[in-house]
Amino acid sequence: MAHTYDPTNIFARILRGEIPNKTVLETEHTLAFHDINPAAPVHVLLIPKGAYATFDHFAAEASADEIVDFHRTAASVCALLGIAPGEGYRAITNAGAHGMQEVPHYHLHILGGKVMGPLIQR
Ligand code: AMP
């Protein structure tokens, strides 16, 4: 099945400047901002500026420049917020119905500032 993208999602609206965000870092291809409902003392969302719905969509179709920029920005965010090198963090991405993704624009959650507990319920 082909990847689809809904441009009305809230992160697309943030990227278009239609709603505000608390930016941590912005580059040519990537935006990092604080989650509006943080689940940890540090909870940053990292999103590509391109129209990608999920991690696998981004991994399959983004350019090499976008992919490198995204990951370098992740590293910069970790350094900027003092979580790595340091006490560490958890990076999570949800995709689709089984992943319980709420916002259909690819985003990496970067969570830190406390021990995060088990990864998933068994
Ligand atoms: P997910 O369930 O992985 O799609 O996560 C969506 C995340 O987006 C949640 O952690 C929300 O708290 C967060 N979120 C939703 N709207 C906003 C917003 N306007 N600004 C920042 N974070 C948001």
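**View 1. L45 and H109 across the β3–β5 pair of the predicted model.** L45 stands opposite H109, a residue of β5. The model shown here and in the other views is predicted. Strands β3 and β5 run antiparallel, and 5 bridges join them. On its other flank, β5 (residues 108–112) is paired with β4 in the antiparallel sense over 4 bridges. In that second pair, A91 is the residue opposite I110 of β5.

**View 2. Cover of strand β5.** Strand β5 is mostly covered, with 5 of its 5 residues buried. Two sets of residues point in opposite ways from the strand: L108, I110 and G112 one way, H109 and L111 the other. Both sets are buried. H109, which faces L45 across the pairing with β3, is also among the residues that come nearest to the ligand.

**View 3. The open sheet and helix α3.** The sheet is open and has 5 strands, in the order β1-β2-β3-β5-β4, with antiparallel pairing. Its edge strands are β1 (23–26) and β4 (89–92), each of which pairs on one side only. On average, and with direction ignored, neighbouring strands of the sheet are turned by 20 degrees against each other. Helix α3 (residues 64–80) packs on this sheet and touches β1, β2 (30–34), β3 (42–48), β4 and β5. The direction of α3 makes about 160 degrees with that of β3.

**View 4. Surroundings of the ligand.** Around the ligand there are 16 residues, of which D35, N94, E102, H107 and H109 come nearest. D35 has a polar side-chain atom 2.5 Å from an oxygen atom of the ligand. For N94, an N or O atom in the side chain is 2.8 Å from an oxygen atom of the ligand. I36 takes part through its backbone: an N or O atom there lies 3.1 Å from a nitrogen atom of the ligand. On its own the ligand has 510 Å² of accessible area, and the protein covers 86% of it.

**View 5. H105 in the loop between β4 and β5.** H105 is found in the loop that links these two strands. The relative accessible area of H105 is 0%, so this residue counts as buried, for which the limit is under 20%. The side chains of H105 and Y5 are joined by a polar contact of 2.6 Å. Apart from neighbours within four places in sequence, H105 is in contact with Y5, N9, F11, A12 and L15, and also with I47, P48, K49, G50, Y52 and A53.

**View 6. M100, a residue with positive phi.** M100 lies in the loop between β4 and β5, where H105 is also found. The phi of M100 is positive, about 55 degrees, although the residue is not a glycine. M100 has a relative accessible area of 66% and is therefore classed as exposed, the cut-off being over 50%. H105, by contrast, is buried.

**View 7. The cis peptide bond before P85.** The peptide bond from A84 to P85 is cis, with omega near -5 degrees. P85 has its place in the loop between α3 and β4. Of the two elements that flank this loop, α3 packs on the sheet, and β4 is one of its edge strands.

Note on methods
Residues numbered from 1 in each chain as written. Predicted model: local features only at pLDDT ≥ 70, side-chain atom pairs only at ≥ 80, totals over all residues. Heavy atoms only, no water. Pairing = 2+ DSSP bridges. Axes fitted to C-alpha atoms, helices over the stretch in contact; angles between N-to-C directions. Contact = heavy atoms within 4.5 Å. Near = heavy atom within 4 Å. Polar contact = N/O pair within 3.5 Å; in protein donor to acceptor, adjacent residues only side chain to side chain. Areas by Shrake-Rupley, 256 points an atom, 1.4 Å probe, with all protein chains shown as cover. Buried < 20%, exposed > 50% of the residue type's maximum accessible area, 1.4 Å probe, protein only.
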